[in-house]
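Grab a pencil and work through these exercises with the structure open beside you. Try each task before you read its solution.

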Amino acid sequence: MDSLSINSLLEDLKNPDISVREQATRKIWRIWFQQKGIYGLERIDHSQKLLDAGEIAQAEKLLTELIEEQPDFAEAWNRRGFLYYSIGDYQKSLVDCQMVIQINPVHFGALHGIGLCYAALKQYSQAILAFRQALKIQPYSLVNQKLILECTLRLS
């Protein structure tokens with residue numbers, strides 16, 4: 001990953017111009033998905049098609065194999081974390097999302113996922129912390145701002 005280009009794009013996420021932020025977000029996601037080249041991208045795409053078709057076990061197996069083959073592929077961990085979240089297995093999702101952050105500390109998607117998992121587990125203080133971390137990277141993220149407010153209300 002070209003860290004100079006990523007750093008520039010991360011700065012663009014803080015730009016007041018929404019079009020600059022949206023373009024930077026798309027480019028960052030593309031870099032993350034393409035981290036392991038066409039092979040990794042095709043495997044992730046295939047896992048998503050399986051998930052969309054309701055083939056959860058096959059999608060999980062494919063992502064687990066990809067993680068075993070390429071344990072430093074943050075997006076493979078993130079996709080499996082999303083899969084676990086989508087079936088309500090929040091503990092497994094948390095573990096995968098936390099692994100993403102170990103590999104890629106600026107992965108705002110995984111930070112958002114951690115917040116969603118904690119919120120689903122009714123651990124609202126932890127959720128707020130995760131959403132705030134995501135906001136440090138994407139300060140204009142309305143969804144994270146909204147989720148912080150919702151979790152704060154649930155604490156009271």
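**Exercise 1.** How many aromatic pairs does a search of the whole structure find?

*Solution.* Keep in mind that this is a predicted model. The search turns up five aromatic pairs. Let's take one of them, Trp29 with Phe108, and sort out its geometry. Step one: the ring centres of Trp29 and Phe108 are 5.6 Å apart, and a pair needs centres within 6.5 Å. Step two: the planes of these two rings meet at 90 degrees, and anything over 60 counts as edge-to-face. The pair of Trp29 and Phe108 is therefore edge-to-face.

**Exercise 2.** Work out which parts of the chain the pair of Trp29 and Phe108 ties together.

*Solution.* First find Trp29: look in helix H2, residues 18-33. Then find Phe108, in helix H7, residues 108-120. The pair therefore links parts that lie 79 residues apart in sequence.

Now, is each partner buried or partly exposed? Buried means under 20% relative accessible area. Trp29 has 23%, so it's partly exposed. Phe108 has just 4%, so Phe108 is buried.

**Exercise 3.** Classify the pair made by Trp32 and Phe108, and place both residues in their helices.

*Solution.* Start with the numbers: the ring centres are 5.0 Å apart and the planes sit at 45 degrees. Stacked pairs need an angle under 30 degrees and edge-to-face pairs one over 60, so Trp32 and Phe108 make a tilted pair. Next, the location: Trp32 belongs to helix H2 and Phe108 to helix H7, so this pair connects parts 76 residues apart in sequence. Trp32 has a relative accessibility of 3%, so it counts as buried.

Finally, put the rings together: Trp29, Trp32, Phe33 and Phe108 make up one aromatic cluster.

**Exercise 4.** Which ring does the charged end of Arg21 sit over?

*Solution.* Go to Arg21 and look for the ring: it's the one of Tyr140. The charged end of Arg21 is 4.0 Å from the centre of that ring.

**Exercise 5.** Zoom out and describe the whole chain: what is it built from, and how compact is it?

*Solution.* Count the elements first: there are nine helices and zero strands. Then compare the radius of gyration, 16 Å, with the 15 Å that the globule rule gives for 156 residues. These values are close, so the chain is as compact as a globular protein of that length. Its C-alpha atoms fill a box of roughly 40 × 35 × 25 Å along the principal axes. To finish, check burial: 42% of the 156 residues count as buried.

Methods. Residues are numbered from 1 along each chain as its sequence is written. This is a predicted model: local features need pLDDT of at least 70, side-chain atom pairs count only at pLDDT 80 or more; totals for chains, interfaces and linings use all residues. Side-chain values use heavy atoms; hydrogens and water are left out. Rings of Phe, Tyr and Trp (its six-membered ring) pair if their centres lie within 6.5 Å; planes under 30 degrees apart count as stacked, over 60 as edge-to-face and the rest as tilted. Helices (H or I, at least four residues) and strands (E, at least two) are DSSP runs, numbered from the N terminus. Buried means under 20% relative accessible area, exposed over 50%, partly exposed in between (1.4 Å probe, protein chains only). A charge sits over a ring if NZ of Lys or CZ of Arg is within 6 Å of the ring centre and within 35 degrees of the ring normal. The radius of gyration is taken over C-alpha atoms; the globule rule is 2.2 Å times the number of residues to the power 0.38.
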